[in-house]
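Please open the structure in your viewer, colour it by chain, and keep the selection tool at hand. This tour goes from one selection to the next and says at each stop what is there.

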Amino acid sequence: MQAGTANSTLIHGAGGTPPGGHAAPTSHKQTTGWLVMPSVGVLLVWMIVPLAMTLWFAFQRYNMIDPTIRGFAGLSNFQDMVTDPDFWASLKNTLLLLGSVLVITVCLGTLLAVLFNQSFPGRNIARVLAISPFFIMPTVAALVWKNLLLHPIYGVVGVLAQKFGFTPIDFFAQFPLASVIAVVSWEWLPFALLILLTAVQSLDTDQLEAARMDGAGPVAQFFFITLPHLSRAISVVIMIETIFLLGVFAEILVTTNGGPGNASTNLAYLIYSRALLQFDVGAASAGGVVAIVLANIVAFFLVRTVARRLET
Amino acid sequence: MATLSLRNIRKAYGPAEVIKGVDLEIDDREFVVFVGPSGCGKSTLLRMIAGLEPITSGELQIDGVRVNERGPADRGLAMVFQSYALYPHMTVAQNMGFALKLAKVPAAERDRKVREAARILQLEPYLERRPKDLSGGQRQRVAIGRAIVRAPKVFLFDEPLSNLDAALRGQTRIEIARLHEELGATMIYVTHDQIEAMTLADKIVVLQAGRIEQVGSPLELYHHPANMFVAGFIGSPRMNMLPVSVLESTAAGITVSLPSGAALTVPSTGDVAPGTALTLGLRPESLRPDPDGQLAGTVKLVERLGGLTLLHVETEGREDVIVQIEGLSMLNINHPVRLAADAAALHLFDAAGMALPALTRHSLVA
Ligand SMILES: Nc1ncnc2c1ncn2[C@@H]1O[C@H](COP(=O)(O)OP(=O)(O)OP(=O)(O)O)[C@@H](O)[C@H]1O
Ligand SMILES: [Mg+2]
């Protein structure tokens, strides 16, 4: 995605001169076009070098366990990948994780934002508490969930289950992906809440009163007035969260190690395990290329819908 | 058919009482205007009638039925907000049809009503536009259209024209008057613009600090203000107030002496002993330069408005007695002038600010 943006800027800057460019404005454009070249150049190198290296390794035989096997691999890295069940599982997990966390954080975030906009005693403290998970590092958050909350023996949930006579569940073993989704949602809910709360606060109360006069109850007010007002903020939340959620890694490493089996392995974790657990740089790079393509596809749709929303 | 009746309506925000007991009867098809200085509680009173603000105590009746406990949608009212409060994500047609949609009116009938309202307000070309693509005046008309579509018993307006420029304000004012005529609905209108109040109202309610100062027709308020506040508030430029003392009270009126010693007879009655201190009210338009006038003074400032000229005259111990004269006057700054007053247009107020009753009612005021 970023390579594409830089390229289009570059093309625009250089191609800003029409064939018979002697009109004053165009020559002006030409001069300024060259002035942005240094920064465009730096950004380009910054991105192109890792991108090119990834592409290069993706077509190489390169396993650090046996450095003697080298050379051009053709498409075999990709062939291995598409025939590898782990890859498809990780792709599915990546999208499931992304989709679930988006749905959970946006829905809950919207409800909480509307709730926190009402006045009730202790609202300020409640706001701070609701937002605080955002300030906890992913590794720490994952550890808290793994050991303090969901641990079948020491965790709060486990202790409560035992107290009430239920068999405690080892969530990370039995529902690994769902548990990771819970942790990541918990981390990102405050972000959604924060953005959506400011949006709710910017809603003109006259509009709500006009809707009341028009006969809208609380539910109709929410769906016809508040939600459309929030649509822009919601698209911003979705876009920003997507960028970060495609690469969730620390939470998985700390809690499930991608397992059991590949049950909670996403693309980022798969690349890590190929490169640094199996030392197969070629396969990892092929996964990386797929990750870039995936990010670009998602970004393409997102940027298009968000841009359309921001226009109105 | 809609009559409203306010019985000792009060509103308190915590310990602060902002509406301090309002009694008011509003007849069917009447155009009532609330005026008063900023913060006097006009909007609050209107919002209580609308049902947007709970009534602390007292009773509000519509058509003889208590509605205190009814929600805003169930009172049969429609309100036009100062900010218009249009729904930005809906088209003009959707904005106007929103109430009908919520009331589950079939789409065909909804469409017909929206078109009818759009026709009345000349909004037909804009039905598919969003509010942000309209001019201020068009938005204003959409806000009115949203009210019309519901065919309410009572229309409420909270300073609907204050965001428009002067020319458009005049035009929309006439449109609202026409609409009142055409729809035959009861209307309650809040403004602090005197011209709107005088031209639109059947009945003006002057409010101050949460209390009604006077209720009456525009001309009644102008010619027979009940107290100094109303006298000063209605009429532009403001009424001039001079301290006077009573010389004698006869059947022909009360003769008072001005600070300069000059005497004037005001056709008012009242139980006032000679020597009582009163306040004399003179409207700028009832004063005129006259070589035989009782008030002697000097012109300190001349404001030429074209058709009219305002003189600020230093007289009777005051520097800013305003006199409104015709625009062609050659009077200039530092000219000495003598002023005569139209006796029928003089007002006397007692120490508490209450007007002494006039001997005769003005012919235009029943
Ligand atoms: N929510 C509130 N809490 C406390 N006081 C309030 C509240 N709303 C209004 N007031 C007070 O009530 C008084 C009347 O307010 P209101 O809005 O009715 O004035 P207004 O006559 O409409 O003035 P304006 O011409 O400026 O619109 C004001 O003194 C205001 O400070
Ligand atoms: Mg107001």
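In which order do the four strands of the open sheet in chain B stand? Before you look, keep in mind that this is a predicted model. Select the strands β1, β2, β4 and β5 of chain B, and you will find them in the order β2-β1-β4-β5, with antiparallel pairing. At the edges stand β2 (16-26) and β5 (65-66) of chain B, and because each has a single partner strand, one side of each is left without a neighbour in the sheet.

Now add helix α1 of chain B, residues 42-50, which packs on this sheet and touches β1, β2 and β4 (57-62) of chain B, its direction making about 115° with that of β1(B). Then narrow the selection to β1(B), residues 4-13, and β2(B), which pair in the antiparallel sense over eight bridges. To see one such bridge, pick B:A12, whose bridge partner in β2(B) is B:E17.

**Where chain B meets chain A**

Next, show both chains together and select the residues in contact, 24 from chain B and 16 from chain A. The area buried between the two chains is about 1,700 Å², and carbon and sulfur atoms give 64% of it. Highlight B:Y87, B:H89 and B:L102, for these residues supply 26% of the area that chain B buries against chain A, more than any other three residues.

What holds charged groups of the two chains together here can be looked at pair by pair. Side chains of opposite charge can pair when their charged atoms come close. Across this interface there are two salt bridges, and one to select is that between the side chains of A:D214 and B:R150, with 3.8 Å from N to O. Seven residue pairs are in polar contact between chain B and chain A, counting pairs with both residues at pLDDT 80 or more.

Which elements of chain B give two or more residues to the side that touches chain A? They are α1, β6 (77-80) and α2 (92-102) of chain B, and the largest share, four residues, comes from α2(B). If you colour this side of chain B by residue type, you will see 16 nonpolar, three polar and five charged residues.

**Further along chain B**

Move on to strand β11 of chain B, residues 240-250, which runs antiparallel to strand β14 of chain B, residues 277-282, and is joined to β14(B) by six bridges. Within this pairing, B:S245 stands opposite B:A277 in β14(B). Five bridges also join β11(B) to β12(B), residues 253-257, again running antiparallel, and a hairpin of two residues links β11(B) to β12(B). Select B:V246 here, and then its bridge partner in β12(B), B:V256.

**The five-stranded sheet**

For the last stop, select β15 to β19 of chain B, five strands that form an open sheet in the order β15-β19-β16-β17-β18, with antiparallel pairing. The edge strands are β15 (287-289) and β18 (318-326) of chain B, each of which pairs on one side only, while the twist averages 45° from one strand to the next. Inside this sheet, β16(B), residues 295-304, and β19(B), residues 336-341, pair in the antiparallel sense over four bridges, and you can finish by selecting B:T298, which stands opposite B:P336 in β19(B).

Conventions: Residues are numbered from 1 along each chain as its sequence is written. Chains are lettered from A and ligands numbered from 1 in the order in which they are written. This is a predicted model: local features need pLDDT of at least 70, side-chain atom pairs count only at pLDDT 80 or more; totals for chains, interfaces and linings use all residues. Side-chain values use heavy atoms; hydrogens and water are left out. Two strands pair if DSSP finds at least two bridges between them. Contact means heavy atoms within 4.5 Å. Axes are lines fitted to C-alpha atoms, for helices over the stretch in contact, and angles run from 0 to 180 degrees between N-to-C directions. Buried area is the accessible area (1.4 Å probe) that two parts lose on being put together, summed over both. A salt bridge is a side-chain nitrogen of Lys or Arg within 4 Å of a carboxyl oxygen of Asp or Glu. A polar contact is a pair of N or O atoms within 3.5 Å; within protein, one must be able to donate a hydrogen and the other to accept it, and residues adjacent in sequence count only if both atoms are side-chain atoms. Ala, Val, Leu, Ile, Met, Phe, Trp, Tyr, Cys and Pro count as nonpolar, Asp, Glu, Lys and Arg as charged, and the others, Gly among them, as polar.
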